[in-house]
Structures are given as C-alpha cells and as structure tokens.
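Good morning, everyone, and thank you for making time for this. I would like to walk you slowly through one structure, so please have a look at it before I go on.

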Amino acid sequence: MIILGIETSCDETAAAIVAADGDAAPGRVLSNVVLSQLDDHRPYGGVVPEIAARAHLQHLDRLIRQALDEAGMGLDGIDGIAATAGPGLIGGVMVGVMTAKAIAAVRNLPFAAVNHLEGHALTARLTNGVTFPFLLLLVSGGHCQLLAVEGVGRYRRLGTTIDDAVGEAFDKAAKLMGLGYPGGPLMEQAAGRATDPSRFPLPVPMKGRPDCDFSFSGLKTAVRRHVELLGDAATDADMADLAASFHIAVGDSLIDRCDRAMKLFREQWPEGRTLVVAGGVAANQILRARLTKLCAKRKFDFVAPPLKLCTDNAAMIAWAGLERLRLGLVDGLDFAPRPRWPLDPAAAKAGAKA
Ligand code: KG4
Ligand code: ZN
C-alpha cells in the first residue's frame with residue numbers, strides 16, 4: 001500500500017509518500033517534503049493563521065508534485081490520500097483537506113481524514129514498528145498530553161496540560177529572554193552554553209500530584225521575574241544559565257508526570273512496555289536523555305522517532321492514513337475539517353479541545 005499524505009494544520013506545508021508491505025509495521029518513507037513558514041511568521045513572534053493559510057495555498061501543489069517526483073512515481077502509483085483534518089488552524093486545515101479530496105475525487109482513490117495527533121501518535125510504528133499498547137508522551141507547541149495508545153483510533157488520555165503546552169512554554173520563555181523564535185531549539189542551544197545550570201530557582205509544576213496533568217504558565221511567570229530582576233545588565237551568560245535552569249524545571253516536571261503515568265499504565269495495560277515520545281519538543285536532547293534514564297529505571301523501552309519525524313511533517317499523516325485505510329477506515333468526501341478534535345472520546349465529552 002502506498003499513501004500520499006498532506007499536512008497543513010500549522011506553519012509547515014508538507015507532503016510525503018509512505019509505503020507498507022501487507023499488515024506489517026514499520027513502514028517505508030519514500031519521500032518527505034517539508035516547507036517551513038518560519039521566516040513568514042518570525043516578525044510576529046508566533047504563527048499568524050491568515051498568513052499560514054495563504055502560504056499553504058501557494059505552495060501545496062508544488063510540494064505534492066515534488067513528493068511524487070522524489071518517490072519516483074505519479075498519482076497513478078498511489079493507493080490512497082490522507083490529509084490532516086484537524087485539530088489545528090482551520091484555514092490551513094481546509095487547504096490540505098480540499099486538495100486531498102479533489103485528488104481523491106478525480107482519481108477515485110480512498111480518502112483518510114487524519115487527526116494530527118494520531119499522526120504524531122503512530123509515528124513510532126512507522127519508524128520502529130512499536131506494537132500496541134504503548135504509552136505516549138506528546139509534547140509540541142500546541143499539545144502536552146500523556147496517552148495510552150491501544151490501537152489505531154483507540155486512545156485513552158491519562159493527562160493533559162491545564163494551561164500552556166510545553167513547546168509554548170519554551171517559545172514564551174525564549175521570547176521573554178530575548179532569544180528569538182521558535183524558542184525550543186534556541187533555549188536548548190543557550191542551555192548548552194551554561195556554566196551554572198542550577199543557578200536560578202524555578203518551580204517544578206505539578207510535582208507529586210496524583211493525576212498526570214501538566215501546567216507550564218507558572219514557570220513562564222517565574223522566568224519573567226528572573227528576567228526582570230536581571231534587568232538591562234543581563235548578559236548572554238545569565239541567559240544561558242536561565243535557559244539551563246528552565247530545562248531542569250521542565251525536565252523535573254515531565255519526569256514526575258511520566259513516572260506517574262507509567263505506574264497507571266502498568267496497572268491497566270500490563271502487557272505494554274514502551275514509552276514513545278512525539279511532537280516538536282521531543283527533538284530536545286536534554287529532555288530525551290532524562291526520559292531515557294527514567295525508562296531504564298522503570299524497565300520501559302524508550303522510543304523517540306528521528307528528529308525530522310518529531311516535528312510536523314506529512315510522513316506521519318500518510319502513515320496514520322495508511323494504518324486507517326488498511327483497516328477499511330475510509331472517510332467520505334463530505335468530512336468537515338475540525339479545528340478541535342480530541343483523540344480520546346471521553347476527553348471530548350468532557351469538553352477538551354484537543
Ligand atoms: O510538533 P511541532 O512541530 O508543532 C506543533 O506544535 O504541532 O512542535 C513545535 C514546537 C515549538 O513550540 C518548538 O519551540 C518546539 O516544538 N521545539 C522544541 C525543540 N524543537 C522544537 N522545544 C524544545 N527543544 C527543542 N529542541
Ligand atoms: Zn504537531
């Protein structure tokens with residue numbers, strides 16, 4: 001089975017071709033083209049939805065052609081089309097979904113409306129063939145969740161953020177510290193230059209709480225206070241130490257929350273033994289190292305997809321579509337894009353946005 005995937009839910013325009021042999025995971029990425037709109041949004045210090053939607057419209061056709069070329073095939077080599085149908089910035093999602101539907105209609109191909117989070121969730125099956133059930137830590141600019149992944153389309157949310165996502169916290173802290181945008185990679189680089197990583201005392205959000213939820217807005221406020229105290233005299237060395245202290249606090253919080261989730265997961269899914277980390281923040285080597293250690297201690301396998309499949313891409317959407325289509329989960333061409341779309345139906349009922 002060979003699937004074309006399209007991703008347009010945020011600030012990356014992406015197209016990819018992914019293949020699988022029979023029912024097996026892992027799969028094969030035949031091409032994976034990503035156009036980042038970072039330069040378009042940088043002057044505003046964040047993603048501007050209207051600019052994003054227009055850029056998707058401008059570039060998507062060309063990127064699909066490029067993905068096909070790099071995979072060495074035309075549309076006649078494709079068995080189905082998958083596009084992110086939510087959650088995300090609705091203008092961009094509509095561009096991707098309409099494009100996918102048009103190709104599906106003209107070529108008479110099955111269409112899969114993919115939840116962006118499911119794309120992140122199933123990436124470790126594409127890359128490593130991880131078997132169900134597994135525990136997922138999804139950490140990106142828009143999301144911070146712990147999920148039990150029982151199967152394709154079967155998710156139980158164990159915890160979520162009650163305010164900011166962790167990537168958002170990186171971005172906001174970096175902005176406060178004058179490091180630039182996007183904050184995650186710049187904070188990580190700054191932390192690498194620190195001489196006294198534990199110099200700044202920062203709160204460790206949610207530590208010790210019996211649930212598996214996250215919170216990062218207090219941490220951001222604490223960073224603001226330190227930046228204000230440092231004032232105009234702040235040096236690069238100060239910011240490096242603050243970035244490192246920030247990593248310690250975020251790491252402590254993630255470790256505490258994951259440890260809690262691992263216990264719950266073990267109780268309910270004793271056959272599961274893998275922690276998968278996904279989303280843009282999973283690119284962070286400092287946090288990865290700490291998660292690796294925790295997994296060794298708790299006897300979990302640790303799987304982190306390669307960096308270019310952690311940040312937003314279309315290969316993950318193609319793969320999620322492939323997994324759905326080969327189970328016969330075909331969506332109608334009347335499927336409406338969803339700005340909000342939680343993976344866990346119970347969370348959806350409780351009013352969650354994602
Ligand atoms: O998954 P993603 O590409 O987009 C969505 O939010 O869905 O994640 C982007 C987020 C941004 O907040 C960015 O700052 C963060 O991931 N990020 C990082 C790193 N690389 C990207 N955060 C921490 N360390 C990094 N190295
Ligand atoms: Zn994402």
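Let me begin with a backbone contact, keeping in mind that what you see is a predicted model: an oxygen atom of ligand 1 is placed 3.2 Å from a polar backbone atom of Gly 167. Side chains take part as well, since an N or O atom in the side chain of Asp 171 is 2.7 Å from an oxygen atom of ligand 1, and a nitrogen atom of ligand 1 has a polar side-chain atom of Glu 188 at 2.8 Å. When ligand 1 is taken alone it exposes 560 Å², and the protein buries 88% of that area.

If we now step back to the whole surroundings, we find 18 residues around ligand 1, and the closest of them are Gly 141, Asp 171, Glu 188, Gly 280 and Asn 284. Sorted by class, this shell consists of 4 nonpolar, 11 polar and 3 charged residues. Three helices, namely H4 (116–128), H5 (166–176) and H6 (183–192), each contribute at least two residues to the shell.

Where, then, does ligand 1 lie with respect to domain 1 and domain 2? Residues of the shell come both from domain 1, which covers 2–127 + 308–349, and from domain 2, which covers 131–306, and therefore ligand 1 lies between the two. The space that ligand 1 takes up is also the largest pocket.

I would like to finish with the backbone, and with three places that you can find for yourselves. The peptide bond that runs from Gly 86 to Pro 87 is cis, its omega being near -15 degrees, and Pro 87 belongs to the loop between strand E4 (80–86) and helix H3 (90–107). Tyr 181 and Pro 182 are likewise joined by a cis peptide bond, with omega about -5 degrees, and Pro 182 sits in the loop between H5 and H6. Finally, Asn 108, which is a residue other than glycine, has a positive phi near 55 degrees, and Asn 108 is located in the loop between H3 and strand E5 (111–115).

Definitions and conventions
Residues are numbered from 1 along each chain as its sequence is written. Chains are lettered from A and ligands numbered from 1 in the order in which they are written. This is a predicted model: local features need pLDDT of at least 70, side-chain atom pairs count only at pLDDT 80 or more; totals for chains, interfaces and linings use all residues. Side-chain values use heavy atoms; hydrogens and water are left out. A residue is near a molecule or strand if one of its heavy atoms lies within 4 Å of it. A polar contact is a pair of N or O atoms within 3.5 Å; within protein, one must be able to donate a hydrogen and the other to accept it, and residues adjacent in sequence count only if both atoms are side-chain atoms. Accessible areas come from the Shrake-Rupley method with a 1.4 Å probe; for residues, only the protein chains shown count as cover. On a 1 Å grid over the protein atoms alone, a cavity is a set of points where a 1.4 Å probe fits but cannot get out, and a pocket is an open set with protein on both sides within 12 Å along at least five of seven lines; lining residues have an atom within 4 Å of a point. A molecule sits in a cavity or pocket if more than half of its atoms lie within 2 Å of its grid points. Helices (H or I, at least four residues) and strands (E, at least two) are DSSP runs, numbered from the N terminus. Ala, Val, Leu, Ile, Met, Phe, Trp, Tyr, Cys and Pro count as nonpolar, Asp, Glu, Lys and Arg as charged, and the others, Gly among them, as polar. Domain bounds come from an automatic or database domain assignment.
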